[in-house]
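Me: I am new to this structure and would love a close look at a single part of it. Could you take the second largest pocket and walk me through its lining, then show me what else is worth seeing?

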Amino acid sequence: MITLPPDDKILATFKDCCGKLDIDGSRKNMEELVIYDMTDGTRTSTELEGSDAYFDGGLFVMRFVHFLRLLGAKNSYINVIHEGHKERVNYKDIYEGMRRHVDMYREFSKMDNVRLRFVGKYDVRIDPKDTTYDLRKDLKDLEDATAKNPEHTVHFMINYSTRWAAEEGKEFFKTLPEVNVILRHAKGYVNGDMWLYGKLNNNSFVYAQNGSSNVNWSDRQIIMLISLCLRSMLLNKGTHLSKKYEGDEKDLVRQKREVELSFIHNSFYDESEETRMKKRVVIFSSYGPEVYEF
């Protein structure tokens, strides 16, 4: 297991981050925040090789979920593999990384009172062709063991595809919570088969230039990342389908977006305090992009 900071330090850091971003980090807002973290960049962000890179990525997710849970978020989604991943040349490394996560996540879920759900197609085997270890039983055991944990539910997308969610998994998918922030590491797009069917109608997009590797992110940086996701949710709240413009609001949007070409760029990185490399995140408001370094 990894060493996690004390709760009071996490809360204090979050309060500081929210102050820098001028947002309301209340429990109410955090309970509303549902992030779909599209983890990526684990092979290229460090010098780790093989399954070690994916195991390290799982440690990043654990810390990310721990902070979300403590700050009040009730649900999150994490992409792991979609159906097409089984054809990748490095799928065996990905699978071995997941196998190594099982005992660690069993201990973590007990400690954090977190529920683990695994979303995808499981009526077929998901192991590599030259492997006999069937991970599906481990996933089922983890689901059963954590089914009553109330603090936070993590939905892991494993052997998932949008096609499955729209067809075979359609009824099950209706029961899942809506997502309001897509967090994408290392790439500026959402793969077609990783779209969450019917759950992204009110989403906002957050781009993290840095890969989701545990060794590269400090606690403060992960908390700032969460804070930026919260800012993205708040900035875009009410702008989908039902948006109404009041007074001179349209004129203000036009002035900032079209005339001023609004572009915010702030850096909070302090190399005297931060031991990890600088991170960069891009979010979007109705006026334009906002870039943050920290």
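Reply: Helix H1 (7–21) and helix H8 (219–236) are elements that each give at least two residues to the lining of the second largest pocket. H8 makes the largest contribution to that lining, with five residues. Please keep in mind that this is a predicted model.

The space in the second largest pocket comes to about 360 Å³. It is lined by 17 residues, and those closest to its centre are Ser218, Arg220, Gln221, Glu273 and Glu274. Sorted by class, the lining of this pocket holds seven charged, six nonpolar and four polar residues.

For context, here is the largest pocket, with a volume of about 720 Å³. Its lining has 36 residues, and Thr39, Tyr54, Asn79, Val80 and Ile94 lie nearest its centre. Among the elements that each supply at least two of the lining residues are helix H3 (51–71), strand S2 (75–82) and helix H5 (136–146). Helix H4 has the largest share there, six residues. The classes in this lining are 18 nonpolar, 13 polar and five charged residues.

Now for the strands. Nine of them form an open sheet with mixed pairing, in the order S3-S4-S2-S1-S5-S6-S8-S9-S7. S3 and strand S7 (264–267) are at the edges with a single partner strand each, so one side of each has no neighbour in the sheet. On average, neighbouring strands of this sheet are turned by 20° against each other, direction ignored. Within the sheet, strand S8 (residues 280–284) and strand S9 (residues 289–293) run antiparallel and are joined by five bridges. Phe284 stands opposite Pro289 in S9.

Strand S9 also leads us to the aromatic rings, which form 12 aromatic pairs in the structure. One of them is the stacked pair of Phe268 and Tyr292, at 6.2 Å centre to centre with 20° between the planes. This pair links distant parts of the chain, 24 residues apart: Phe268 belongs to the loop between S7 and S8, and Tyr292 to strand S9.

Is each of these two rings buried or partly exposed? Phe268 has a relative accessible area of 24%, so it counts as partly exposed. Tyr292 has 3% relative accessibility and is therefore buried.

To round off the rings, Phe60, Phe64, Trp217 and Phe294 form one aromatic cluster.

Methods:
Residues are numbered from 1 along each chain as its sequence is written. This is a predicted model: local features need pLDDT of at least 70, side-chain atom pairs count only at pLDDT 80 or more; totals for chains, interfaces and linings use all residues. Side-chain values use heavy atoms; hydrogens and water are left out. On a 1 Å grid over the protein atoms alone, a cavity is a set of points where a 1.4 Å probe fits but cannot get out, and a pocket is an open set with protein on both sides within 12 Å along at least five of seven lines; lining residues have an atom within 4 Å of a point. Grid points are joined across faces, edges and corners, and a volume is the space filled by probe spheres set on the points. Helices (H or I, at least four residues) and strands (E, at least two) are DSSP runs, numbered from the N terminus. Ala, Val, Leu, Ile, Met, Phe, Trp, Tyr, Cys and Pro count as nonpolar, Asp, Glu, Lys and Arg as charged, and the others, Gly among them, as polar. Two strands pair if DSSP finds at least two bridges between them. Axes are lines fitted to C-alpha atoms, for helices over the stretch in contact, and angles run from 0 to 180 degrees between N-to-C directions. Rings of Phe, Tyr and Trp (its six-membered ring) pair if their centres lie within 6.5 Å; planes under 30 degrees apart count as stacked, over 60 as edge-to-face and the rest as tilted. Buried means under 20% relative accessible area, exposed over 50%, partly exposed in between (1.4 Å probe, protein chains only).
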